[in-house]
Amino acid sequence: MAKLTLSNANKIITDALAKGKELGLKPLTVVVLDAGGATIAMQREDGSSHLRPEIAAGKAFGCIATGVGSRWLNAQAETRPHFLEGLSNVSGGRIVAVPGGVLVKTETGEIIGAVGITGDTSDNDEAAAVAGIEGAGFTPDTGA
């Protein structure tokens, strides 16, 4: 069984932040969770607001909790708000259902973790997460 290591998580963060710089994004916060939802690594760029770690973790946690990227969760929030309200309740309010949470998969499709990014638009947060995951040699799943 493959798993994310601290080294992998730091590579994801480094590459995601580099993508943010390349795109000229606002300061980002990146959280990498393992397949069980535990935090492996987190970095908050200078200027990223104080609540960003919780938002990024909530995006990634929603992915782990449901087995899909947060883009799917966002769609559910729009079309089935009662479903997202229930998820929020059973998770203790930990799920943030907007794009920017991306599953980390092996090339065989095994879920080994998730990345949550916040700081810019949700689409830009997601693009940085995808770049970080791919840069570390894993397969991103946005839930699209």
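Biologist: Among contacts between residues at least 6 apart in sequence, what share joins residues at least 24 apart?

Modeller: First, a caution: this is a predicted model. To read such a share, take the contacts that skip at least 6 places and ask how many skip at least 24. Here the share is 66%.

Biologist: Which elements make up the chain, and in what order do they run?

Modeller: Count helices and strands, then read from the N terminus. The chain has 5 helices and 5 strands. The order is α-β-β-α-α-α-β-β-α-β.

Biologist: How does the radius of gyration compare with that of a compact globule?

Modeller: Take the chain length and work out what a compact globule would give. For 144 residues that is near 15 Å. The chain has 14 Å, so the value agrees. Along the principal axes, the C-alpha trace spans about 35 × 35 × 25 Å.

Biologist: What percentage of the residues is buried?

Modeller: Of the 144 residues, 46% are buried. Then look at the outside. The chain exposes about 6800 Å². Carbon and sulfur atoms supply 52% of that area.

Biologist: How many positive and negative side chains are there, and how far apart are the centres of the two sets?

Modeller: Count each set, then compare the centres. There are 12 positive and 16 negative side chains. The two centres lie 3 Å apart.

Biologist: Which residues of the largest nonpolar core touch the most other members?

Modeller: In a core, look for the members with the most partners. This core has 22 residues, and Ile 12, Val 104, Val 115 and Ile 117 touch the most other members. Two or more residues come from each of α1 (6-23), β1 (29-34), β3 (101-105), β4 (111-118) and α5 (122-135). Helix α1 gives the most, with 5 residues. A second, separate core has 14 residues, including Ala 56, Ile 64, Ile 95 and Ala 97.

Biologist: What is Val 115 in contact with, leaving aside neighbours within four places in sequence?

Modeller: Val 115 meets Ile 12, and also Val 30, Val 31 and Val 32. Its other contacts include Ala 60, Gly 100, Gly 101, Val 102 and Val 104. Ala 129 and Ile 133 are among them too.

Biologist: Is Lys 59 buried or exposed?

Modeller: Start with the relative accessibility. Buried means under 20%. Lys 59 has 2%, so this lysine counts as buried. Lys 59 lies in helix α2 (residues 52-66). Now look at what surrounds the residue. Beyond residues up to four places away, Lys 59 touches Ser 70, Val 96, Val 98, Pro 99, Gly 100 and Gly 101, among others. The list also includes Gly 116, Ile 117, Thr 118, Ser 122 and Asp 125.

Biologist: Where is Lys 105, and what does this residue touch?

Modeller: Lys 105 sits in strand β3. At 17% relative accessibility, Lys 105 counts as buried, because the cut-off is under 20%. Outside the nearby stretch of up to four places, Lys 105 touches Glu 110, Ile 111, Phe 138, Thr 139 and Asp 141. Sequence distance and space can also be set side by side. Lys 105 and Leu 4 are 101 residues apart along the chain, yet their C-alpha atoms are separated by 9.7 Å.

Biologist: Are Ala 127 and Ala 128 buried or partly exposed?

Modeller: Take each in turn. Both lie in helix α5. Ala 128 is buried, with a relative accessible area of 0%. Ala 127 is partly exposed, at 28%. Now list contacts, leaving aside residues up to four places away. Ala 128 touches Ala 16, Lys 19, Leu 28 and Ile 117. Ala 127 is in contact with Lys 19 and Leu 23.

Biologist: How far apart are the C-alpha atoms of Ala 128 and Leu 23?

Modeller: They are separated by 8.9 Å, with their positions 105 residues apart along the chain. For Ala 127 and Asp 46, the figures are 81 residues in sequence and 20 Å in space.

Biologist: Where is Trp 72, and is this residue buried or partly exposed?

Modeller: Trp 72 is in helix α3 (residues 70-79). At 28% relative accessibility, Trp 72 counts as partly exposed. Leaving aside neighbours within four places, Trp 72 is in contact with Phe 83, Thr 142 and Gly 143. Trp 72 and Val 96 are 24 residues apart in sequence and 12 Å apart in space, C-alpha to C-alpha.

Technical notes:
Residues are numbered from 1 along each chain as its sequence is written. This is a predicted model: local features need pLDDT of at least 70, side-chain atom pairs count only at pLDDT 80 or more; totals for chains, interfaces and linings use all residues. Side-chain values use heavy atoms; hydrogens and water are left out. Helices (H or I, at least four residues) and strands (E, at least two) are DSSP runs, numbered from the N terminus. The radius of gyration is taken over C-alpha atoms; the globule rule is 2.2 Å times the number of residues to the power 0.38. Buried means under 20% relative accessible area, exposed over 50%, partly exposed in between (1.4 Å probe, protein chains only). Contact means heavy atoms within 4.5 Å. Accessible areas come from the Shrake-Rupley method with a 1.4 Å probe; for residues, only the protein chains shown count as cover. Lys and Arg count as positive and Asp and Glu as negative; His and the chain ends are not counted. The place of a charge is taken as NZ of Lys, CZ of Arg, CG of Asp or CD of Glu. A nonpolar core is a set of buried Ala, Val, Leu, Ile, Met, Phe, Trp, Tyr and Cys residues joined through side-chain atoms within 4.5 Å.
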